[in-house]
Amino acid sequence: MTPMQRVARRIVLSLLRRLRSGQLTVLEGERRLVLGHGSPRATVQVNSPRLWPRLLHGSRGMAGAYMQGLWEAPDLTAVVRVAARNASTLDEWRRRVAPARVPLQAMRGIRGRNTRTRSRRDIAAHYDLGNEFFALMLDDTMMYSSAYFPRRGMTLAQASRAKLELVCDKLDLRAGDHVLEIGAGWGGFAVHAARTRGCRVTTTTISREQYEHAREWVRAAGVADRVTVLCEDYRDLRGRYGKLVSIEMIEAVGYHDFDTFFARCSNLLADDGKMLLQAIVIDDRAYEVEKASRSFIRTHIFPNGCLPSLAVIARCVARHTDMRTVGLKDLTPHYAETLRRWHANFEAATARLEDLGYDERFRRLWRMYLAYCEAGFAERRIGVMQMT
């Protein structure tokens, strides 16, 4: 162990000794260190002293070290849950130093502005990883958003359809409606709405792979006369629609353009229209600190993404639209369960993923991503809301 690694280890362990909730067991060679008490309980196996300096770089360092195999855990989600339970001390420190970071965040924000070209590139980096890859992880609805489990014993596919029914019911979709969907995914909502409600749907994505899959699915489902699939940026959409839906797309908009997004939605919606937004949201108190941070998710998973907060959404709606919020439903516990199911599907498909060329580093990245998000929702570091 180098001197730098020793110093980093001392710092990290001093912080871990302050655990207020949950227990972490650290296995390092012949040493076994138990920190904290209570649940959740997690175990970490240190494979290399190179881990310790990496942990000083927050979630990005922790995840990067896992991708490199510097540490292991029998239950990744439990590890992240322990971290999330004890993040309040770090949150307070980050809030104190936040004003000093404003100029840096502003510069980073200018460089990271989501132009149309950059948006397409960032979306491709995640959603164009391969339709077969996502098909192995998701269910046959191909919904890559929180499912809804109103009853015990539901399969993931049943819960995904229950969520789609919830969306259709909240929008009061009928045969005479024309609904615009911003963020088509692989076409799951468009096909479901056209089949079950008989309405017309115009849906758009800027992912080439999603666009091709959605067009083919619409044809195969026999709803091509009712569904139009576009490959257009939301900022370029035209027309007026009686209903509008956007399911977990706003997270890719970027914090500079939240006002633009809501203004466009308002302009695209008829005066007596109705919009449903399903959004992953961050705590209002953490938004300013997180919006331009170089976190694990923003660097490795969703480049230049940003979670809005409920307060940010409310401000945008009030300042840039003539809409008003009439409904709010919290789906947060359902997302934790959804992610647990995706994670199980992912692990069950390991051999097939290897055959498709997704190497061990990629699989470790996605294993961390799924565990990280499940823990975030389970501990309510993040939430998911349906707003009407």
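Modeller: Both R235 and D233 are buried in this predicted model, and their side chains meet in a salt bridge with 2.8 Å from N to O.

Colleague: What makes the contact between R235 and D233 a salt bridge?

Modeller: The rule asks for a side-chain nitrogen of Lys or Arg within 4 Å of a carboxyl oxygen of Asp or Glu; R235 and D233 meet at 2.8 Å, N to O, so the pair falls inside that cut-off. By this rule the count comes to 26 salt bridges, and E72, E360, R363 and R364 are linked in a network of them.

Colleague: How do you know that R85 and E379 are joined in the manner that this rule demands?

Modeller: The closest N and O atoms of R85 and E379 are 2.5 Å apart, and the limit is 4 Å, so this pair also qualifies as a salt bridge. The bridge links distant parts of the chain, since R85 lies in helix α4 (residues 76-85) and E379 in the loop between α17 and β11 (382-387), with their positions 294 residues apart.

Colleague: Is R85 buried, partly exposed or exposed, and how is E379 classed?

Modeller: Buried means under 20% relative accessible area and exposed over 50%, with partly exposed in between. R85 has 33% relative accessibility and therefore counts as partly exposed, whereas E379, at 16%, counts as buried.

Colleague: Where in the chain do R197 and D169 sit, and why is R197 called buried?

Modeller: The side chains of R197 and D169 meet in a salt bridge, 2.6 Å from N to O. R197 belongs to helix α9 (residues 188-197) and D169 to helix α8 (residues 156-171), the two being 28 residues apart. R197 has a relative accessibility of 17%, which is under the 20% limit, so the residue counts as buried.

Colleague: Why are α15 and α17 called roughly antiparallel?

Modeller: Helix α15 (residues 332-348) and helix α17 (residues 360-378) pack at an angle of about 160°, their axes lying 8 Å apart. Angles over 145 degrees count as roughly antiparallel, and the two helices are therefore placed in that class. The crossing in which α15 passes α17 is left-handed.

Colleague: Which residues make the nonpolar surface patch, and what makes V7 eligible for it?

Modeller: V7, I11, L15 and L56 make the patch, which covers about 330 Å². V7, found in helix α1 (residues 3-16), has 43% relative accessibility and so counts as partly exposed; patch residues need over 30%, and V7 therefore passes that threshold.

Methods. Residues are numbered from 1 along each chain as its sequence is written. This is a predicted model: local features need pLDDT of at least 70, side-chain atom pairs count only at pLDDT 80 or more; totals for chains, interfaces and linings use all residues. Side-chain values use heavy atoms; hydrogens and water are left out. Patches are made of residues with over 30% relative accessible area and no salt bridge: like charges are joined within 9 Å, nonpolar side chains (Val, Leu, Ile, Met, Phe, Trp, Tyr) within 5 Å. Accessible areas come from the Shrake-Rupley method with a 1.4 Å probe; for residues, only the protein chains shown count as cover. Helices (H or I, at least four residues) and strands (E, at least two) are DSSP runs, numbered from the N terminus. Buried means under 20% relative accessible area, exposed over 50%, partly exposed in between (1.4 Å probe, protein chains only). Axes are lines fitted to C-alpha atoms, for helices over the stretch in contact, and angles run from 0 to 180 degrees between N-to-C directions. Angles under 35 degrees count as roughly parallel, over 145 as roughly antiparallel, 65 to 115 as roughly perpendicular and the rest as oblique. A crossing is left-handed if the near helix is turned anticlockwise from the far one by less than a right angle, and right-handed if clockwise.
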